[in-house]
Amino acid sequence: MIPKIQYTKSGNLNIAYQVFGSGPIDLVYIPGWVSNIDWMWACPELVDFFQELSKVVRIILFDKRGTGLSDRIVELSTLEERMEDIKAVMDATNSKKAILFGHSEGGSVSALFSATYPNRVIALMTFGIFAKRRYSEDYPWAPTDEERQKVYDMIENDWGSGEMNLETLVPSKANDRKFMGWLASYFRSGASPRAALKLTKMNTQVNIIDILSYIKVPTLLMQRTNDIDVKIEEGKFIAERIKGSKFVEFDGDDHLFWAGNTREVLDEMKTFIYKLPPSDEVHKKRLSTILFGQIITASNFSIKPQMIEEFILQNEGNIISKDKKFFIAAFEVPSKAIYSGIKMLNDFKSKEIPFSAGIYMKDSIKNYNEPTSTRDDYMIASILSLIKPNKILVTQAIKHLLSGVVFNFSKDTSILTYKTHEICKLYSVTDKANTEVKTSFPYGFSKYDSFLEDVLKIIDEHLDNNSFGVEMLTRETGVSERKLQRRIKETTSKSPSQLIMFIRLNRARTALLENNDTVAEIAFKFGFSSPSYFSKCFKKEFGIRPTEVFSSK
C-alpha cells in the first residue's frame, strides 16, 4: 500500500512527504538529483529496499523544492534552503532526531545539515556522494566543464527520452527494459527540462569540502568500486575528512543503491543502525557562522547597542561581544549573517559612517557563550587587515554554499588558513536583490526574458575571470553558439562578446562611483587583463577615462 502523500510548508513553499515503517528510530531519505515520491512506488526494486529498511526504522521520504510533488521553482536553491526543507518535514512528522540517508547529490545537503544541526541528527549515512562537482587540480575526480556540458546538452535535447544514457547510472539493469523505462519516467516526472537543467547547474556549483571536518555525528559512507558517475576516490577523499567515519566499498558499478548487490547494502546499513549509540547524546558543538564588524573612523563616534542589536536579532543571531567600535555575533547559517551585515552596512552608509565586516565559519557551542579562540583572533585580525571601508568580506566556504543565488560574490583577496597556512580566498558580497535592477538590467533590455536573465547571471558570476568569453558562456547556458548569438542579438542588439564587455564596463563604472578601490583593482576585479586595456575600453564606451570618474567622486 502506498503511504499517504502529505504536505508541509518550508517558508512559503509546499514540500511533499510520506511516512511509513515500524522501526523505533526515524530515518529521513534525501534523494539525489531529482525525485518523485509518488513514482518511487512504481519500482519493485526500490519498494523492496524501502520495505526491508522500514522494519528497523520509520522512514520519511520527501521531494526537495523544485522536484516531484513539491512546489516547482524557477530559481536555483541553495544547500542552506534545502536544509530548511529537511527541518520542515522533520517538524511535520514530529521527528526530534533522525538518521539522515543521502544519495548522490542528496548527500551534500545531508552532510551540511549534520554539521549545522548535530543535535537533530542521530547519524549520517550516504551512498555515492560527492563533495564537489567541478574538476580542479586538488579534486581531479570531478567532471570537467566539457563533461558537464554534455549533461547540459542531454537535458536540453533528450530529457526523458531513450537518449539520456541512463545505463551509465545502473549498468546492471541496462538490458531491463521495464526498469529503464521506469527510470526515464521517474526523472521526467521529477522535473521539467528547465528545472532539471537548473538543478544540474546548481550541482555544478556544489562544494562542501570545507565543512566536512565539522561533521561529528556517526557517519557511514557507502559506494561501489566502479561507479562511473561518482568516482570511488571521491568517497575515500570524503571519508578522510570526516573524523571517525566508516567507509564501505562494494563491488559493482551501479550508482543507484537499489540496484545490484542491494542485500549487501541493506545488511551494512542495518548493522550500522544496530550499533549506533543512544540517540539522546547531546553534541556540544555545531557549525556556526561568525559576523564581526567595525566602525572605521577617527572621530568620537561609537556604536550604540541598539544600532546593531536590531539587525542581528531579527536574523536570529546572538551577540558574543561588543565595544564602542567593534562587535562579534554568531548565526546558525551563513545567509542570516550576510543579511545582517548588509543591512548594517546600508544603514551606516546612509549616515555616512564608514563600516566594514567579515564573515567566517567555525565550531561553536549552542549558546555561543564561549570566549573567542586563538583561531577566532587570527581570522578576525587577518580579515580586518584587508577590509576596506564599506565592504563585507566572506571566506570561500561561505561563497561555495551560497554562490549564484541570493548574493553577488566578487573575488577580492586571500589570507592563509589558521595553522595549515593554505590559501583561503576572500570574496566581497552584496545583496543581489538590491543590485540586480541597477547592475543587470539598466540597459533597456527586457528583464522578463528568462533566457537573458540566465545569461546575465552567468556573466555576473564570471566577471573577475579575464578568460571568460563566448565559448565559456555557450557551455554555461547549455545551448549552441549559433543559438546563443541569435537569442542575445534579438533581445539586446549586441553580440555575446559585445554584451560581456558591456556588462563588465558598466559594472566597473558603478564600482568606480561607489567603491574606494583603485582603478587598477577595479580593472582586475571585472576581468580586464591590464589597467591600460581597461582604460582604453572604458573611454571607447563612455568617452572619458576611468581615472576621470575616479577623481570626480
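This section describes selected backbone, charge, cysteine and aromatic features of a predicted model.

Two asparagines stand out in the backbone geometry. Most residues other than glycine have a negative phi. In Asn 94, by contrast, phi is positive, near 55°, and in Asn 390 phi is likewise positive, near 60°. Both residues belong to loops that lead from a helix to a strand: Asn 94 lies between α2 (79-92) and β5 (98-103), while Asn 390 is found between α11 (374-384) and β13 (391-395). With regard to accessibility, Asn 94 counts as exposed because its relative accessible area, 55%, is over 50%, whereas Asn 390, with a relative accessible area of 28%, is partly exposed.

Helix α2, which precedes the loop of Asn 94, also holds Glu 80. This acidic residue is buried, yet has no salt bridge. The nearest side chain of opposite charge is that of Lys 336, at 7.1 Å, and a salt bridge would require a side-chain nitrogen of Lys or Arg within 4 Å of a carboxyl oxygen, so the pair does not qualify. Lys 336 is nevertheless one of the residues in contact with Glu 80 when neighbours within four places in sequence are left aside. The other residues in contact with Glu 80 on that basis are Leu 112, Val 333, Pro 334, Ser 335 and Leu 402.

With respect to the cysteines, a disulfide is a covalent bond between the sulfur atoms of two cysteines. The number of disulfides in the model is zero by the distance rule applied here. Cys 424 is buried, at a relative accessible area of 8%, and Cys 537 also counts as buried, because its relative accessibility of 11% is under the 20% limit.

The aromatic side chains were examined next. The structure holds 31 aromatic pairs, among them that of Tyr 186 and Phe 187, whose ring centres lie 5.9 Å apart with an angle of 45° between the planes, an arrangement classed as tilted. Both members of this pair are buried, Tyr 186 at 4% relative accessibility and Phe 187 with a relative accessible area of 6%.

Aromatic rings also take part in arrangements with positively charged side chains. The charged end of Arg 133 sits over the ring of Phe 130, at 4.4 Å from the ring centre. In a further case, Arg 241 lies over the face of Phe 237, where the distance to the ring centre is 3.6 Å.

Definitions and conventions: Residues numbered from 1 in each chain as written. Predicted model: local features only at pLDDT ≥ 70, side-chain atom pairs only at ≥ 80, totals over all residues. Heavy atoms only, no water. Helix = DSSP H or I, 4+ residues; strand = E, 2+ residues; numbered from the N terminus. Buried < 20%, exposed > 50% of the residue type's maximum accessible area, 1.4 Å probe, protein only. Lys, Arg positive; Asp, Glu negative; His and termini not counted. Contact = heavy atoms within 4.5 Å. Disulfide = S-S within 2.5 Å. Phe/Tyr/Trp six-rings, centres within 6.5 Å; stacked < 30°, edge-to-face > 60°. Lys NZ or Arg CZ within 6 Å of the ring centre and 35° of its normal.
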